[in-house]
Amino acid sequence: AIGGTSVPDVIARKGGVPLICLTAYTTPIAALADRHCDVVLVGDSVGMVLHGLPSTLSVTLDMMILHGKAVRRGVEKALLVVDMPFSSYEESPEQAFRNAARMMAETACDAVKLEGGENMRDTIGFLTARGIPVMAHIGLTPQAVNLFGGYKVQGRGEAADRIRRDARAVTQAGAFSVVLEKVPESLARNITAELSIPTIGIGASPACDGQILVIDDMLGMFTAFRPKFVKRYAELGEAADKAVAAYAEEVRERRFPDDSHVFGDGEAPSGEGAA
Ligand code: KIV
Ligand code: NA
């Protein structure tokens, strides 16, 4: 944010204290992430995590802008990055600029992220030359799930060269950082050593210049599936289930609400909402 973490601040963390990054989709969770993170990402994972979509492919620019605005209200200190959704940038550098500029203007985010390596070289160059900082995303790029035939590890064996070329291409094009998703640890380590920009790992390597997770995954709130790279730091989904079950039981048995939650006849109007 302006006055907070800047793009040059993120670049300066190359090889230093790891960049702490999380996704957020709502104002309260953004405020929570902002207290602890250098980068808050409004990921297009929002489609799967909050909207129940089967993949990120049907996430729209309008959805990203709506969540971007909500997250902006919670972020003061971290760098705010918003994902460009599928079909909003692939057609041409011009299309990418038009939609990224709208995203920047409407959400007041600090940067955008888009998926792709060598194939996005021209687009990343076009955006950065016109004032839009770009975080790249290579390795497993979920918007290409249909090409990959699933959310599989990318860059094993011979395929490592393609990922290495992608990493070089996005760096040369002017990306200020690059997400490495679901690639072998040794490849992520080597790319991190080779590049001049910070790498941000997810299912990558502790050697990366930063780490990112989907916040609902690490809090145990999104449980539809669980990639190996997710560490659960809490089981909020379980806690929420217990809470809702307790509420259901107390309503059924007329134990909720009790005297402490209802209003008497004689209460002053100022008592409304008081404890
Ligand atoms: O959409 C997302 O949440 C992401 C991160 C996991 C990098 O792209
Ligand atoms: Na994403």
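Reader: Which residue has its charged end over the ring of Phe 126?
Author: This is a predicted model: local features need pLDDT of at least 70, side-chain atom pairs count only at pLDDT 80 or more, and totals for chains, interfaces and linings use all residues. Residues are numbered from 1 along each chain as written, chains are lettered from A and ligands numbered from 1 in written order, and side-chain values use heavy atoms, without hydrogens or water. The centre of the Phe 126 ring is 3.5 Å from this charged end (NZ of Lys or CZ of Arg within 6 Å of the centre and within 35 degrees of the normal). The residue is Arg 130.

Reader: Are the rings of Phe 222 and Phe 225 stacked or edge-to-face?
Author: Aromatic pairs (centres within 6.5 Å; stacked under 30 degrees, edge-to-face over 60, the rest tilted) number three. The centres of Phe 222 and Phe 225 are 5.5 Å apart. Their planes stand at 90°, so the pair is edge-to-face.

Reader: Is Phe 222 buried or exposed?
Author: Its partner Phe 225, at 40% relative accessibility, is partly exposed (buried under 20%, exposed over 50%, partly exposed in between, 1.4 Å probe, protein chains only). Phe 222 has 12%, so it counts as buried.

Reader: Which side chain has an N or O atom 2.6 Å from an oxygen atom of ligand 1?
Author: Lys 113 places a polar side-chain atom 2.8 Å from a ligand 1 oxygen. For Asp 83 that distance is 3.1 Å. The 2.6 Å value belongs to Ser 45.

Note on methods. Rings of Phe, Tyr and Trp (its six-membered ring) pair if their centres lie within 6.5 Å; planes under 30 degrees apart count as stacked, over 60 as edge-to-face and the rest as tilted. A polar contact is a pair of N or O atoms within 3.5 Å; within protein, one must be able to donate a hydrogen and the other to accept it, and residues adjacent in sequence count only if both atoms are side-chain atoms.
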